Amino acid sequence: MTENKLQIIPLGGLGEFGMNCLALRWQDDIFVIDAGLMFPEEELLGVDIVVPDITYLLENRKHVRAIVLTHGHEDHIGGLPWILSELNVPVYGTEFTLAYVEGKLEEHGLMDKTELIEITPGKTFSLGVFKITPVRVTHSLVDCVALAIDTPAGLVIHTGDFKIDLNPPDGRPFDLQAFAEYGKRGVLALLQDSTNVDRPGHTPSERSVIPALDEVFARTKKRLFFSCFSSSIHRLRIAADLAVKHGRKVALVGRSVTNSFEMAQDFGYIQVPDSLLIAPGKIRDFQRDKVCIFISGTQGEPMSALSRAAVDNHKHVNIEAGDTVLMSSRVIPGNEKGIFRMIDHLFRREAQVVYDDGTAGLIHVSGHASQEELRMMLHIIKPKFFIPIHGDYRHLKRHAELAATVSEIKQTILLEDGEILELDRNSAKKNGKVTVGRVCIDSGSAGDIVEDVVIRDRRHLSEAGIVLPILAINKTTGRVESMPEIVTRGFGATELSLIEEARLVVGRTLDASSAEEKADYGVIKEKIRQDLKRYIQKNTSRRPLIMPVILEI
Ligand SMILES: [Zn+2]
Ligand SMILES: [Zn+2]
């Protein structure tokens, strides 16, 4: 450790989208900003989530003072259960962020072991030598902050995720004033969100979707299904207010949207009359034009409520001709296939589908700052050193180019995961590297930390085995032609009878699925994977890699 230098060490999120995690160090004091996850790319079959490798933090465990969270999105808090199970440190976050964290920790049995400390914009707290002041920023989620960090080398600002929304639905605007004052005081280094650096202009306010959504509410004659990212609290609030305005009751369908809505009510972000909400089981008691269903699943996730409703496989809701499905979200790259497959099912039911196809008007806005907002921040903060964060390398590079026009910036540093940046009052230099990487996790429990991607498959094969259920589906009839075959590797003789029974499990999954689901390979593979996983884990202690294979004949 170099004496009298501030070290900035990104452990995730610089060179990729997601799993944001960054350490700041001054001598024996380390603290961590955010602990996010990333959803796996398609090639990582059988893996549920990906989190950053925290070897560096574990090696320095006695110096790590805390994890400070900027906001409650999964790419900032989703890795917490895994990190906390290895490294028990206090977690700082705003009220709403901590509400998300509590839910997560409870699920993983970590609630009693973890110290959660609430932070408030404008109120400074200390971690070792660091003095940290949260600054109110706006984003698609509520209660988000940037961090202004006083260090012995100077002031460092980390923006978190943000856009500059001066008129957000919750009445808590972006605190431009605070950033301007820091700018006047002098800022050593700025770390700024690069997500939307490709977009010219200014990202619209969260409020700007109201006219387009209002218009959809006005013209819908039958049931209205409303879907947005469950953490889009502003959006849920807007839709709830529109439901009141248009005389529709609201039913919450799907776990994630229900959780978010209830939390938003608890903390006063959504205020609606109690009589507005009806239980999902009561939906059928109301005329189709008197209900709006807030439903989870904008990304066509195979097991989500909307995907299931789209193939008539949901307990409480079905979709009929003349219903409208309003997807107030964007298509996340990589999810196109699943989303459009789901939209096809909806079209087949003659539902009106309003989605981000370029003709629907402003039904969704981004939560991230566009070029003019990024430029504005660079101009008012005027940092000596600038470090773009949150993005693939090309976003970081573009952001650096954008900053080149700001004359006060002495140097822009393109930092990537694992590189150590050392700063003092006058210089910034890369010096060395720490271990970083992606850790794949195969299911929901904290005991399931799986190894590095490279060795994961090999270990999986040698220790847990592999299970390949193979189905032959007739392309023209859509029928499954024979009993599924199951090929395994790495199972002992005693376990083989069990695998034999697994064929029956797959058979039952197929019986319980509609023809449409069977024709939708994404859906049917996921159903088989989940059912088999449950069965095998219940009857053995194994967690094999399960990869359903469909042969078209
Ligand atoms: Zn975010
Ligand atoms: Zn983010």
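Which residues do ring pairs link into a cluster?

**View 1. A cluster of aromatic rings.** In this predicted model, ring pairs join Phe96, Tyr100, Phe267 and Tyr269 into a cluster. Searching the whole structure turns up 10 aromatic pairs, and the next two views take a look at two pairs.

**View 2. Phenylalanine 31 meets phenylalanine 130 edge-to-face.** The ring centres of this pair are 5.1 Å apart, with 65 degrees between the planes. Phenylalanine 31 belongs to strand β3 (residues 29–33) and phenylalanine 130 to strand β9 (residues 130–137), so the contact links distant parts of the chain, 99 residues apart. Phenylalanine 31 counts as buried because its relative accessibility is 0%, and phenylalanine 130 is also buried, with a relative accessible area of 0%.

**View 3. Phenylalanine 340 and tyrosine 355 form an edge-to-face pair.** Here the rings sit 6.2 Å centre to centre, and their planes make an angle of 70 degrees. Helix α10 (residues 336–348) supplies phenylalanine 340, while tyrosine 355 comes from the loop between β18 (352–354) and α11 (371–381), so the pair ties together parts 15 residues apart in sequence. Phenylalanine 340 is partly exposed at 36% relative accessible area, whereas tyrosine 355 is buried at 17%.

**View 4. Helix α14 packs against helix α16.** The axes of α14 (residues 493–511) and α16 (residues 521–539) lie 10 Å apart, at an angle of about 140 degrees, and the two helices are therefore oblique to each other. Their crossing is right-handed. On the α14 side, the contact residues include Leu498, Val505 and Leu510; on the α16 side, they include Ile524, Asp531 and Tyr535. By class, this contact comprises nine nonpolar, two polar and three charged residues.

Terms used: Residues numbered from 1 in each chain as written. Chains lettered and ligands numbered in written order. Predicted model: local features only at pLDDT ≥ 70, side-chain atom pairs only at ≥ 80, totals over all residues. Heavy atoms only, no water. Axes fitted to C-alpha atoms, helices over the stretch in contact; angles between N-to-C directions. Helix = DSSP H or I, 4+ residues; strand = E, 2+ residues; numbered from the N terminus. Parallel < 35°, antiparallel > 145°, perpendicular 65-115°, else oblique. Left-handed = near helix turned anticlockwise from the far one by under 90°. Contact = heavy atoms within 4.5 Å. Nonpolar A, V, L, I, M, F, W, Y, C, P; charged D, E, K, R; others polar. Phe/Tyr/Trp six-rings, centres within 6.5 Å; stacked < 30°, edge-to-face > 60°. Buried < 20%, exposed > 50% of the residue type's maximum accessible area, 1.4 Å probe, protein only.
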